Amino acid sequence: MKLNIVCIPGDGIGPEIVAEAKKVLNKVANLYGHEINYRDVLLGGASIDVHGVPLTDETIQAAKEADAVLMGSIGGDAATSPWYQLPPNLRPEAGLLGIRKALNLFANLRPAVLYEELSDACPLRKDISEAGFDMLIMRELTGGLYFGERYTTEENGIRKAVDTLVYNENEIRRIAKKGFDIALKRRRKVTSVDKANVLDSSRLWRKVVEEVALDYPEVTLEHMLVDNCAMQLVKDPAQFDVILTENMFGDILSDEASMVTGSIGMLASASLNDTKFGLYEPSHGSAPDIAGKDAANPIATILSAAMMLKYSFDLDQEAAAIESAVKKVLEKGYRTGDIMSKGCRRVGCKEMGDLLADEIK
Ligand code: NAD
């Protein structure tokens, strides 16, 4: 298979972790007989330095022509970087928001996996963390409260602010379909999270999700209120497979889920549109404090590349090969600084990439 991948190394540790992801992808491509064409483009601070803007038409066009985008991370240290002297619309993060919008990426996927070997980093009680967990939060990204009409006014001397939460059935249907499709590639369970006991938008969400579920008889659907979900994530995270939810609930729950893993350098993410196209990136930022020191953990980016193989190319076996290499390297006791624990061997970003590539046989 031919894979056309646009890479955005970005800023900070971005170029280092993307290089290791390419190393692992190349090994997979060699082994399984695929051909990968990479095209590197600029975004964020790296683009500001060359073009004066964080996102160019050229980058958007290259991404649109590709099958998928693999990104490191963008941004710098806000206190010291000259990028943050610029007006907000010209800062690195504006580039990221701009490309997500230009590519119509409405579905955000964040897996939260607790590896047995890293269970010490999990802040939950041992009897809960022992069971391990492997869930995926599927968040609607382009609608809801963050995109509705908002204004602040004053009535009779009293200040008042209004934010509007709007969803139409098409927006709900397309994300629900994505959620069920992805559940088919996992343990076939969808937990749809809403606040249907209070909100009209949630009641419509629930109805449309139930309609979509009729087309997926192999998938078990359950509904959960968002407040209960926030509790269940720390009480019994092993119960979840795919959590399907709207924008603001997903924003909060995905941060909660990732924090219970305790390992920011391990967390992948993907943003998808209604084709097979996706933008894949680690959940963490550009870690300017360790940039250029060969100290970054490349695993989140490498697992994002595995998600790319699975969701954009349907190469499930190849994705599984990467995921199992990660488990094996952890089992053998290799750790980057961020996940280091007693008795393990500390390795740098490059060596971690080498170990993972070697483990794919
Ligand atoms: P951060 O995630 O970059 O770093 C937080 C802490 O985690 C730091 O101590 C860092 O060293 C550590 N860390 C992060 N990733 C690591 C890895 N792979 N290996 C080892 N340690 C790792 O968050 P921040 O410091 O708040 O943000 C830094 C910059 O990143 C900011 O400019 C921010 O806007 C940007 N950012 C970008 C994205 C993105 O590109 N999607 C996401 C979040 C933050």
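Guide: A residue counts as exposed when its relative accessible area is over 50%, and as buried when that value is under 20%. Please keep in mind that the model we are reading is a predicted one.

Visitor: Which residues of helix 3 are buried, and which exposed residues does the face turned away from the buried side carry?

Guide: In helix 3, which spans residues 57-65, the buried residues are T59, I60, A62 and A63. Viewed down the helix axis, these buried residues fall within an arc of 165°, so they line one face of the helix. The face turned away from that buried side carries D57, E58 and E65, which are exposed.

Visitor: What do the buried residues of helix 3 pack against?

Guide: Their packing partners are strand 1 (2-10), strand 2 (35-40), strand 3 and helix 4.

Visitor: Turning to the ligand, how many residues surround it, and which are the closest?

Guide: The ligand is surrounded by 21 residues, of which G76, E93, G285, A287 and N297 are the closest. By character, the residues of this shell divide into 10 nonpolar, 7 polar and 4 charged.

Visitor: Which polar side-chain atom lies 2.9 Å from an oxygen atom of the ligand, and which backbone atoms should I look at?

Guide: For the backbone, an N or O atom of G285 lies 2.8 Å from a ligand oxygen atom, while a polar backbone atom of S286 is 3.0 Å from an oxygen atom of the ligand. The side-chain case is D289, with a polar atom 2.9 Å from an oxygen atom of the ligand.

Visitor: How much of the ligand does the protein bury?

Guide: Taken alone, the ligand exposes 810 Å², and the protein buries 69% of that. The elements giving two or more residues to the surrounding shell are strand 3 (68-73) and helix 4 (92-102).

Technical notes: Residues are numbered from 1 along each chain as its sequence is written. This is a predicted model: local features need pLDDT of at least 70, side-chain atom pairs count only at pLDDT 80 or more; totals for chains, interfaces and linings use all residues. Side-chain values use heavy atoms; hydrogens and water are left out. A residue is near a molecule or strand if one of its heavy atoms lies within 4 Å of it. A polar contact is a pair of N or O atoms within 3.5 Å; within protein, one must be able to donate a hydrogen and the other to accept it, and residues adjacent in sequence count only if both atoms are side-chain atoms. Accessible areas come from the Shrake-Rupley method with a 1.4 Å probe; for residues, only the protein chains shown count as cover. Helices (H or I, at least four residues) and strands (E, at least two) are DSSP runs, numbered from the N terminus. Ala, Val, Leu, Ile, Met, Phe, Trp, Tyr, Cys and Pro count as nonpolar, Asp, Glu, Lys and Arg as charged, and the others, Gly among them, as polar. Buried means under 20% relative accessible area, exposed over 50%, partly exposed in between (1.4 Å probe, protein chains only). The arc is that of the directions from the helix axis to the C-beta atoms. Contact means heavy atoms within 4.5 Å.
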